[in-house]
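Hi everyone, thanks for coming. Please open the viewer on your own screen, and we will walk through one structure together.

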Amino acid sequence: MKKLVVIGAGMASGRALEHLFEADPAAYEVTLFNAEPRGNYNRIMLSPVLSGEKSYEEIVTHDDAWYAANKVTCRFGERVTAIDLARKVVVGTEGEVAYDKLLVATGSAPFIIPVPGKDLPGVVAYRDLEDTNAMIEAAKPGARAVVIGGGLLGLEAAAGLRLRGMEVTVVHLMGHLMERQLDEAAGYLLRKDLEKRGITILTNASTKAIIGSGRVEGVQLDDGRTISADLVVMAVGIRPETTIARAAGLEVARGIVVTPQMVTSDPDVLALGECVEFQGQLFGLVAPLYDQAKVVAATLTGKGASFAPKELSTKLKVTGCDLFSAGDFSEGSNREDIVLRDPARGVYRRVVLEGDHVIGAVMYGDTAEGSWFFDLIRDKADVSAMRDTLIFGQAYQGGSPLDPMAAVAALPDEAEICGCNGVCKGTIVAAVKDKGLTTLEEVRAVTKASASCGQCTAKVEQVLAVTLGDAFKGSARKTMCKCTDLTHGEVREFIRSKSLKSIPAVMQELGWKTSCGCASCRPALNYYLVCDFPEEYQDDGRSRFVNERLHANIQKDGTFSVVPRMWGGLTTAAELKAIGEIAEKHQVPLVKMTGGQRVDFLGIPKERLTAIWKDLNDAGMVSGHAYSKGLRTVKTCVGKSWCRFGTQDSMGLGVKLEKLMCGSWTPAKVKLAVSGCPRNCSEATVKDIGVICVDSGYDIHVSGAAGLHVRATDLLCHVDTEEEALEVSAAVLQMYREDAFYLERVYKWTERVGLDTVKAAIVDDPASRRAYHERFLVSQKVAQVDPWAERVAGLEAQEFTPIVIEPRLAAE
Amino acid sequence: MSDAIWYVIGSLADIPARGARTVRIEGLEIAVFRTADDHVFALENRCPHKGGPLADGIVHGRKVACPLHNWVIDLESGRATGADEGCAVEYPVRVDAGEIRLCVPAARAAAE
Ligand code: SRM
Ligand SMILES: Cc1cc2nc3c(=O)[nH]c(=O)nc-3n(C[C@H](O)[C@H](O)[C@H](O)COP(=O)(O)OP(=O)(O)OC[C@H]3O[C@@H](n4cnc5c(N)ncnc54)[C@H](O)[C@@H]3O)c2cc1C
Ligand code: SF4
Ligand code: FES
């Protein structure tokens with residue numbers, strides 16, 4: 001009999017041996033090494049062991065009797081330290097064994113991030129029974145665990161530890177959980193489910209150090225936060241275990257390189273499992289390993305077989321978190337997304353098509369159709385005939401596709417249209433007929449249909465159209481973008497009424513039709529959230545246009561302009577000197593006075609921005625926000641202090657207004673001016689908010705513009721004191737911030753809602769004015785930071801520095 | 001040997017997700033993009049419209065919106081999408097064990 005030596009008694013080699021003994025029980029005399037002091041068990045079931053749903057005994061796949069029956073010499077608890085390819089022997093810690101054929105199945109090792117404290121007692125990985133037992137040991141109710149890594153393993157660990165009563169925090173580097181398998185939308189739902197069971201999730205969180213003296217006490221993050229912990233689980237990834245293979249001289253890239261027959265660079269050595277690399281690909285799930293196991297058995301018994309990787313699907317083994325992901329679900333120009341969301345049930349389903357084929361699918365909440373979609377992906381099935389109904393799943397196929405109007409017309413009266421409020425078609429039809437309703441807004445007010453998440457808006461409108469027939473006026477509604485049927489106003493209302501505090505939350509709960517929005521809705525949503533939840537929302541720079549991301553205006557040649565604030569258009573000799581010196585030092589190509597009473601440096605390359613900002617900061621100047629949908633300038637004229645006609649201190653008020661409002665984010669840019677008398681030298685009557693000083697006080701104007709449209713302001717009110725002028729201006733700005741649609745300037749907003757509405761809220765109702773003013777101050781507490789100073793101090797340094805390559809060649 | 005040179009330009013973490021970095025190699029300026037799902041693409045950092053720096057655009061899906069006039073460029077092909085026509089030169093790029101490798105044709109690198 002020939003001798004087969006196997007290194008590693010894991011899931012892959014276990015399956016390979018089964019196939020081998022089935023094919024030819026007499027072909028080999030097998031010696032099986034395993035570093036773990038036990039034989040093969042079902043590693044993927046460690047999570048149920050951790051959570052207490054299963055015992056170790058229940059997950060053993062090959063027991064002593066099996067090894068005995070197949071005459072396997074077991075050397076468990078013995079690590080192989082070397083392979084001698086020339087002599088064809090394997091060296092274990094307790095001696096050598098000769099082989100005719102060798103099978104390397106060493107699996108992989110958990111990746112440990114190289115941070116200080118990683119070796120402290122109480123820090124564990126999640127790979128084998130020892131790790132699992134260490135966690136169970138530490139899991140005293142009330143004790144605290146931090147799991148580093150929000151992928152499959154990390155979340156299973158977190159859920160298991162939570163079930164054992166621990167306080168669990170997951171620290172995840174990326175923006176959403178399981179980013180390799182899930183898109184943002186599904187990641188949001190998963191997070192929500194995990195938070196519901198009491199797990200704290202921190203995303204965009206990078207671990208700086210594990211702290212503790214003698215034993216782990218906590219985890220410190222890059223942003224300075226520290227989370228206390230009695231146990232830290234590192235589940236950030238795996239690396240193929242290739243140490244002995246590499247040392248023996250086998251070809252190893254990231255994993256041990258194998259042929260389609262699972263043979264390594266040495267013809268007598270085979271390899272399989274997580275330790276191998278096949279055509280550049282690594283493996284981390286069991287399905288492909290089982291395919292490899294069949295090929296290994298065939299190769300060892302002289303039968304021809306080839307391994308070919310197939311599409312994979314993923315599930316998470318956490319009870320109650322139903323997710324499914326398969327294939328390639330990234331967007332692409334020749335790809336089409338079909339998205340189905342059911343906010344009421346927490347369901348998200350997305351199918352990615354390329355041409356007539358499904359190439360990927362992500363689903364959350366209801367994964368019953370997962371295997372059907374998975375089959376479509378694997379079979380590369382032509383789905384052109386069922387495109388319109390594909391997303392609903394297998395049960396909906398076969399009927400002929402209807403156009404949406406005909407489909408709605410064909411619905412019976414008891415068909416439910418609005419799931420949230422349980423409104424059926426008949427109710428809407430009756431309301432339209434009996435009450436003479438003609439618009440969606442009226443239907444919504446009377447029946448409550450589409451009043452909760454808005455996702456059925458299009459359907460409700462179709463019912464209205466079908467009912468009214470020719471009398472239907474068509475929709476005057478302007479939806480936000482192609483991603484939703486809702487208007488800006490509706491989205492703003494829902495964000496508040498449902499307290500939606502993140503972009504994925506808005507998209508899921510309002511049934512967005514795309515998975516992650518587009519370049520038009522993302523900046524709008526980001527603004528709405530910044531405005532409504534100033535103290536809670538984490539600004540998403542990636543949903544901002546370059547100017548707001550880099551805090552400078554991009555120019556036609558890709559350089560930037562730098563405009564520091566000059567409060568109220570005032571400057572000093574010292575400031576001008578500093579500006580001159582800085583311009584000279586940095587060889588600024590052009591220095592210009594802007595139309596906004598301040599200085600502009602033009603032609604600055606991106607990588608010079610922070611250096612210039614630093615010098616400006618050092619000279620006492622801050623960002624002028626010339627780039628933002630926010631407060632730009634407050635122009636002033638000289639006013640009473642100097643001018644023979646001046647009635648009030650227009651410069652002083654201008655400076656106060658600018659100091660009060662600078663830094664605020666607004667729907668569109670906002671410009672102010674204060675003129676000392678009605679001669680209006682600072683052009684206050686073409687500004688978003690303009691103050692004209694008069695003998696008796698201050699006339700406050702709004703809704704001017706002098707850009708694409710030239711429009712003179714309307715008088716909002718007269719106030720007697722400077723204090724009131726400041727309060728009214730801030731209150732009106734806040735009302736605009738809360739009420740306007742993204743990119744709608746003040747004049748467009750007041751034209752839409754009516755100046756009287758603004759007067760009623762700001763002028764006639766002092767309590768309401770004070771409330772707006774108060775809310776403005778709250779949001780300014782967070783917004784009034786100098787973005788330049790923050791970046792000079794190192795924030796987002798990556799954004800400003802190109803990668804410059806000294807020709808350092810990669811290995812050829 | 002092939003006449004293409006693979007340069008190591010850094011690790012995946014050096015590029016913000018849904019963002020890009022400018023890479024300068026041998027006189028070339030290349031925008032290296034990283035999508036939300038960690039795919040990496042490399043295009044010449046010049047919009048086919050009027051030369052806008054694509055690395056500064058908003059990355060959505062596998063597309064980038066040019067910061068200057070909002071042309072939308074497909075990251076996979078470098079081609080302008082929609083009604084616009086034009087194409088930015090694309091460069092082969094791959095991620096190996098977290099390291100990003102970018103391929104610049106040797107002739108081109110030497111010539112410039
Ligand atoms: C620099 C400056 C011109 C100058 O050299 O004087 C300027 C430059 C630009 N203006 Fe302006 N505007 C400048 C004062 C004005 C003014 C005059 C004013 O503020 O008193 C107006 C008319 C007043 C108004 O806004 O109603 C003005 C009306 C516009 C408009 C039209 C806005 C509209 O709603 O109709 C745009 C286009 C836009 O914003 O979409 C615009 C857009 C721009 C942009 C941002 C174009 C762009 O998107 O790249 C220019 C940026 C250049 C840069 O990098 O700085 N700029 N722009 C002025 C900067 C003022 C400052 O200190 O911040
Ligand atoms: C907690 C957990 C949950 C998982 N859940 C899933 C899931 O739901 N679905 C899924 O598809 N996959 C899951 N996986 C992944 C799956 O378990 C692995 O893909 C699979 O176990 C890999 O099999 P393998 O035989 O290559 O390696 P392993 O099963 O790791 O076996 C390798 C064995 O080799 C031994 N060894 C290593 N070096 C030596 C040496 N020098 N000498 C002797 N012995 C050595 C090791 O001790 C180990 O026992 C999970 C993994 C874990 C840890
Ligand atoms: S008017 Fe404004 S937008 Fe037009 S060219 Fe001049 S600076 Fe640019
Ligand atoms: S330069 Fe890119 S869109 Fe004009």
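Let's start at ligand 2. A nitrogen atom of ligand 2 sits 2.9 Å from a backbone N or O atom of Ala35(A). That is a polar contact, a pair of N or O atoms within 3.5 Å; within protein, one must be able to donate a hydrogen and the other to accept it, and residues adjacent in sequence count only if both atoms are side-chain atoms.

Before we go on, some housekeeping: this is a predicted model, where local features need pLDDT of at least 70 and side-chain atom pairs count only at pLDDT 80 or more, while totals for chains, interfaces and linings use all residues. Residues are numbered from 1 along each chain as its sequence is written, chains are lettered from A and ligands numbered from 1 in the order in which they are written, and side-chain values use heavy atoms, with hydrogens and water left out.

Back to ligand 2. Glu36(A) has a polar side-chain atom 3.0 Å from an oxygen atom of the ligand, and for Glu274(A) the corresponding distance to an oxygen atom is 2.5 Å. There are 29 residues around this ligand, and Ala12(A), Arg127(A), Glu274(A), Val286(A) and Lys317(A) come nearest; here, a residue is near if one of its heavy atoms lies within 4 Å.

Which residue forms a salt bridge with Glu274(A)? The partner is Arg127(A), with the closest N and O atoms 2.8 Å apart. (A salt bridge is a side-chain nitrogen of Lys or Arg within 4 Å of a carboxyl oxygen of Asp or Glu.) Glu274(A) lies in the loop between β19 (269–271) and β20 (276–277) of chain A, and Arg127(A) in the loop between β9 (123–125) and α5 (129–138) of chain A, so the pair ties together parts that are 147 residues apart in sequence. Those labels come from DSSP runs: helices are H or I, at least four residues, and strands are E, at least two, numbered from the N terminus.

Now turn to ligand 1. Of the 19 residues around ligand 1, the nearest are Gln555(A), Thr594(A), Gly595(A), Arg598(A) and Lys669(A). Gln555(A) places a polar side-chain atom 2.3 Å from an oxygen atom of the ligand. Side-chain N or O atoms also lie 2.7 Å from a ligand oxygen in Lys592(A) and 2.8 Å from one in Arg745(A). Two elements, β32 (631–636) and β36 (705–706) of chain A, give two or more residues to this shell.

Last stop: where the chains meet. The contact, meaning heavy atoms within 4.5 Å, takes 42 residues from chain A and 41 residues from chain B. How many salt bridges does the rule find across this interface? There are 5, including one between Glu184(A) and Arg18(B), whose closest N and O atoms are 3.8 Å apart. The rule also finds 12 residue pairs in polar contact there, both residues at pLDDT 80 or more.

Strands take part as well: β39(A) pairs with β2 (residues 19–25) of chain B in the parallel sense over 3 bridges. Pairing requires at least two bridges found by DSSP. Look for Ile805(A), whose bridge partner in β2(B) is Ile25(B). Thanks for listening!
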